[in-house]
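Let's walk through this one together and ask, at each step, how a label earns its place. Have the structure open and follow along.

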Amino acid sequence: MRTQVAIIGAGPSGLLLGQLLTNAGIDNVILERQTGDYVRGRIRAGVLEEGMVGMLDEAGVGARMNRQGLPHDGFDLAFGWRHHRIDLHALTGKRVMVYGQTEVTRDLMDKRAETGGVTIYEAGNVEPHDFGSQPFITYEKDGVSHRLDCDFIAGCDGYHGASRKAVEGKGLETFERVYPFGWLGIVADVPPVHHELIYANHPRGFALCSMRSTTRSRYYVQCPLDDKVEAWSDDRFWDELRRRLPPDSANRVTTGPSIEKSIAPLRSFVAEPMRFGRLLLVGDAAHIVPPTGAKGLNLAASDVRYLFDGLREYYGEKSDAGLDAYSQKALSRVWKAERFSWWMTSTMHRFPDTGAFGQRIQEAELDYLVHSQAASTSLAENYVGLPY
Ligand SMILES: Cc1cc2nc3c(=O)[nH]c(=O)nc-3n(C[C@H](O)[C@H](O)[C@H](O)COP(=O)(O)OP(=O)(O)OC[C@H]3O[C@@H](n4cnc5c(N)ncnc54)[C@H](O)[C@@H]3O)c2cc1C
């Protein structure tokens, strides 16, 4: 089999890139390790920057998001038992869209099926080859080995994928910080405690009140890295969440049975460069951010923006310029989001080694932040997403 762009991974970055390419008349095939149902069911991020919203519209998959998504003009910071609203729209003229990654994935998968895009699910042992000159991918499907020849390989296969592994020892440099805590998160079909997100700094640890819709809430509490989900009954979770919120919010939390509960470690990670000949790394394959700044999914989208523009230029105008600039352009935005996510993580969480002094410093920083127009604007600019 032959295609122009072989995409490894049917996560948001692979599906979005695939749809933009299909719409532009550029042939592509997606190879995905999991089943379609598994991909469709994954629950992850949920806050979309305007840039990503625009790309979903451009890909022709924005209709349901524009109907059902929740545009948010601000969020609350809670510390010292009080709430302080960050008015994103007043500070930047922009807003964010709350719309679950699960829904984004579903819309992209439906569109791909409708427009005849080829996705090979349950592709095993996917391996990129010869990406310095004439790239191809080998994989197995139903016990049979296959070969997919292509012009380019887009490595959209996440942190544990095959693409980055293929370039280890070939000039890849990595940068990493692992944080000494995780996030215990639940999803519950109860109305959110507040119509906007609440990010809470508390001496017991960070908490986040988020949502997927007006009837589905997504809540998180910071927990030790070695904590086990089994140790957290729903009642224990709700108690802990309420203890970390100012009393007026705590009293308004509607509790109910969780429909998902998991612990995620927090990590910052960047792999450089993001291009190796005709293999290009995209999204989580090249970088991870702690979820505090809601940047992971949005960074995958900005990589797709730069790569899609480069590929369109290559096929349309026979120019390599966009592809040559891909790694540098993408990394410049990635590092700014890494900085922001690291800063927000450092300011909002309890660190095991900083004690009461660290807590007071965080509270002083947050107090400065909410009372300084300049500092609030800086936070808001980064949260709504830096320009592409
Ligand atoms: C548990 C969790 C919670 C998260 N929560 C948030 C959040 O609240 N906010 C936020 O902004 N971000 C969050 N993120 C990050 C966000 O979900 C990711 O940044 C986003 O999914 C990146 O998209 P991607 O397409 O680059 O990678 P992925 O979504 O990881 O997709 C990669 C795809 O490649 C496939 N694949 C992997 N290996 C292979 C292989 N060898 N061969 C073929 N296919 C392969 C995978 O099955 C997957 O479908 C979270 C991530 C996780 C894991």
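Q: What area is buried between domain 1 and domain 2, and what share of it do carbon and sulfur atoms give?
A: In this predicted model, about 2,500 Å² is buried between domain 1 and domain 2, with carbon and sulfur atoms giving 65% of that area.

Q: Which residues make up domain 1 and domain 2?
A: Domain 1 takes in 5-77 + 97-176 + 267-345, while domain 2 takes in 179-265 + 350-384. Their centres, taken over C-alpha atoms, are separated by 28 Å. The contact draws 30 residues from domain 1 and 28 residues from domain 2.

Q: How many salt bridges does the rule find across the interface of domain 1 and domain 2?
A: Zero. A salt bridge calls for a side-chain nitrogen of Lys or Arg within 4 Å of a carboxyl oxygen of Asp or Glu, and the rule finds none across this interface. Polar contacts are another matter: nine residue pairs count between domain 1 and domain 2.

Q: Which element gives the largest share of the side of domain 1 that touches domain 2?
A: That is H11, with six residues. By residue type, this side of domain 1 divides into 14 nonpolar, eight polar and eight charged.

Q: How do you know that the span of helix H10 agrees with what its residues should give?
A: Helix H10 (residues 296-317) has 22 residues, which at 1.5 Å a residue should span 32 Å; the end C-alpha atoms are 31 Å apart, so the two agree.

Q: What phi does Lys-318 take just after H10?
A: Lys-318 takes a positive phi of about 55° there.

Definitions and conventions:
Residues are numbered from 1 along each chain as its sequence is written. This is a predicted model: local features need pLDDT of at least 70, side-chain atom pairs count only at pLDDT 80 or more; totals for chains, interfaces and linings use all residues. Side-chain values use heavy atoms; hydrogens and water are left out. Domain bounds come from an automatic or database domain assignment. Contact means heavy atoms within 4.5 Å. Buried area is the accessible area (1.4 Å probe) that two parts lose on being put together, summed over both. A polar contact is a pair of N or O atoms within 3.5 Å; within protein, one must be able to donate a hydrogen and the other to accept it, and residues adjacent in sequence count only if both atoms are side-chain atoms. Helices (H or I, at least four residues) and strands (E, at least two) are DSSP runs, numbered from the N terminus. Ala, Val, Leu, Ile, Met, Phe, Trp, Tyr, Cys and Pro count as nonpolar, Asp, Glu, Lys and Arg as charged, and the others, Gly among them, as polar. The expected span of a helix is 1.5 Å times one less than its number of residues.
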